[in-house]
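Thank you for making time for this on the agenda. I would like to walk through one structure with you, going from the overall layout down to single residues.

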Amino acid sequence: MDRESQIKEWQERAKAFEPLDLKKVQQPLAELDNHLTLRTYIVGYSATEADLAVWKALKSNRVAFGFIKGGAMASLWRWYSFIQDTEKPTVEQPKAAEKKQQDEGASYDIGLQDTEQGVVTRFPPEPSGYLHIGHAKAALLNDYFAHKKYNGKMIVRFDDTNPSKEKQEFQDSIIKDCELLGVKPDQITYTSDYFQDLYERAVQMIKDGNAYADNTPQEQLQKERMERKESAHRNDSVDDNLAHFEEMKKGTEEGTKWFIRAKLDMSSDNGALRDPVIYRCNPQPHHRTGDTWKIYPTYDYACPVVDSVEGITHALRTTEYNDRDPQYQWFIKTLKLRHVYNWNFSRMNFIRTVLSKRKLTKLVDSGIVWGWDDPRMATVRGIRRRGMTIPALQEFILKQGPSKNINYMDWTSFWATNKKYIDPIAARYTAVTKQDAVKCTVIGAPDAPRTEEKDLHAKNPEVGKKKVVFSKNIIMDQADAQSFADNEEITLMNWGNAIVRKKTYSLNPVNFVASVAGQGERLVTELELELHLQGDVKKTSKKVTWLSQDQELVPLSMFDFDYLITKDKPDPDDALEDILNKSTETKTEALADCNVAALQEDAIVQFDRKGFFRIDKQFQHGDAAVAFQIPTGKKM
């Protein structure tokens, strides 16, 4: 059964929780409790309409609510409380209040504990890829609470514990992207700085009976954890465990077969507490420590230890860590470390977007995209290359705030925020699509070409001036020419009105225009226009762009992009190849006015009637300028 069918099934099954009769609801509740034993959500790996439908039904039934609250069904009560904390505001918030919150921005008064003692936050990226939009939110929120809300301290700590995936290139890019985001850490540290300390603490855990060595095969290990079955090695002697750990430390062939697990609670309803792995053997050289270490701590173990040692007061992270917070606190308590508070906020999810680093890496390595900075990628580099400005990115993310509400956002509001920043300052230029461009003769135009200076932005003279060339010989888009009626009065933008006196069509029956003018219509090859500058531009229905041929026209390649995937809300277990959009790039060759030759890379401009663009490659003689279309919130 596919995901949508499962959601619909549970929406129907939610009706079984409505009767105010315990005998009638007890069996459905037991089935749901069993279903949720190893699940965070009813369907898939994120909140869906199924969770909300069932949660509403239980909340509105005092009998059912009282029964599960009584503790008879631990998994169901855990799920209910989680949805209560993360989804309730989204469910119950009236439309008007929701819109007001969006307009005014999110609240940052979330009640962090003991802030009077000082606030130290951290952003712990793994240097195994470039920062994506989700990382950007984590970085900005940690920076906001540390530096703006509480005047505290923020640390960027590289979680460099997996030499198989990490590179110096990624580390450097993350530092650069933090700078671009305006995130200014007070300190940059590395988990690898604490490898000796982490190792010694792990040895002590083994000696204290709080950790053990295991070599259970991966599939069997997963099965045993699902079934809450203890490993055959769980009660091995301390000496055996230390011996295996030493083999791991040496990186021997035998050592690579073993790993270290913390001894928590294999009977727990919370899967994160069922003896998580805290150390693995990996003989591959580390990009910072070289061959010094052959064993590496897992994030779940290293994070609470280093957080405490570095003086972090509040570990702010996404709600996907909710189930692992008890595990985090277990390490703090067991190792007798200084206390650290956990606070979880919702991750930033967008429709039709891949944020899994594993899948992003696959897109890059397989050549489906141009690289980590591809404008179709949801990386910080990618969305900047697409044309997102840093102030707009900061505003959008900070407006989402530290809420726990989990939802999928459309990209339209994201790009609409950006438009507010670029519209008032983007210089205006002109481009004509090269294919089937129509040559026009303008009666009444000056005998010799004439150049005038015009504002680059009609509403903002401070943007500067541009040259506009007027002459008898101009070109315009085929689509515009096709739309003209005989003797129709039109407006030539930046010039004035003109009357269409003659249209010449192609005599070649092969030259049909299906995409522009409709199936079977002939190409317009030439137009004859007569200037009528005394005409009222307010009365014409067609304002068209044009270019004089008596100037150095600039070749321009204009790109537009679509979503990389076809599914609005992909599941983590979706095969990437099954949801890939096969066609995501559209390229249009055009000719632009002479002023475009001076545009530098990264300039954001508007080509009249074609949209906003970011210059990705400046014009060089022999090579066209390259421009990427910037979405504006209407349609991506």
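I will start with the whole chain, then turn to the core, two helices, the cysteines and a few individual positions.

Please keep in mind throughout that this is a predicted model. The protein has 636 residues, of which 50% are buried, and its C-alpha atoms fill a box of roughly 100 × 65 × 55 Å when that box is taken along the principal axes. Its secondary structure comes to 20 helices and 29 strands.

The protein is divided into five domains, and I will name them by their bounds: domain 1 covers 3-87, domain 2 is made of 120-191 together with 347-418, domain 3 covers 192-301, domain 4 is made of 438-476 together with 478-544, and domain 5 covers 556-630. As one indication of how these parts are spread out, the C-alpha centres of domain 3 and domain 5 are 47 Å from each other.

Let me move to the interior. In soluble globular proteins, nonpolar side chains tend to be buried together. Here the largest nonpolar core has 46 residues, and the members that touch the most others are Phe123, Ile133, Phe350, Leu393, Trp411 and Phe414. Several elements give two or more residues to this core, among them strand 2 (153-158), helix 9 (168-181), strand 9 (341-345), helix 17 (390-400) and helix 18. The most generous contributor is helix 8, which gives 8 residues to this core. In terms of domains, the core draws at least three residues from domain 2 and at least three from domain 5.

Two of those well-connected core residues, Trp411 and Phe414, bring us to helix 18, where they are buried along with Trp415, Thr417, Asn418 and Ile422. Which side of the helix do these residues take up? Around the axis they cover an arc of only 145°, and therefore they sit on the same side of helix 18. The length of this helix can be checked as well: its 12 residues, 411-422, should span 16 Å at 1.5 Å a residue, and the 17 Å between its end C-alpha atoms agrees with that. At the N-terminal end, helix 18 is capped by Asp410, which places a side-chain oxygen 2.9 Å from the backbone nitrogen of Thr412.

Helix 15, residues 357-365, can be read in a similar way. Its buried residues are Lys357, Lys359, Leu360, Leu363 and Val364, and because they fall within an arc of 165° when seen down the axis, they line one face of the helix. Turned away from that buried side is a face that carries Arg358 and Asp365, both exposed.

For those of you who think about cysteine chemistry, how many disulfides does a search of the whole structure find? The search finds 0 disulfides. Taking Cys303 as an example, the closest cysteine sulfur belongs to Cys178 and is 16 Å away, which is too far for a bond. Cys303 counts as buried because its relative accessibility is 3%, and Cys281, at 14%, counts as buried too.

Next come two positions in strands. His314 is in strand 8, residues 314-318, and with a relative accessibility of 1% it counts as buried. Its C-alpha atom is 7.9 Å from that of Leu112, although 202 residues separate the two along the chain. Phe259 belongs to strand 5, residues 259-262, and is buried at a relative accessible area of 11%. Between Phe259 and Tyr279 there are 5.6 Å in space, C-alpha to C-alpha, for a distance of 20 residues in sequence.

I will finish with two loop residues whose backbone angles deserve a look. Asp114, in the loop between helix 7 (95-104) and strand 1 (120-123), is not a glycine and yet has a positive phi, near 50°; at 38% relative accessibility, Asp114 counts as partly exposed. Asn151, in the loop between helix 8 and strand 2, also has a positive phi, of about 55°, without being a glycine. Is Asn151 buried or exposed? Asn151 is exposed, since its relative accessible area is 69% and the cut-off for that class is over 50%.

How values were computed
Residues are numbered from 1 along each chain as its sequence is written. This is a predicted model: local features need pLDDT of at least 70, side-chain atom pairs count only at pLDDT 80 or more; totals for chains, interfaces and linings use all residues. Side-chain values use heavy atoms; hydrogens and water are left out. Helices (H or I, at least four residues) and strands (E, at least two) are DSSP runs, numbered from the N terminus. The expected span of a helix is 1.5 Å times one less than its number of residues. Buried means under 20% relative accessible area, exposed over 50%, partly exposed in between (1.4 Å probe, protein chains only). The arc is that of the directions from the helix axis to the C-beta atoms. A polar contact is a pair of N or O atoms within 3.5 Å; within protein, one must be able to donate a hydrogen and the other to accept it, and residues adjacent in sequence count only if both atoms are side-chain atoms. A disulfide is a pair of cysteine sulfur atoms within 2.5 Å. Domain bounds come from an automatic or database domain assignment. A nonpolar core is a set of buried Ala, Val, Leu, Ile, Met, Phe, Trp, Tyr and Cys residues joined through side-chain atoms within 4.5 Å.
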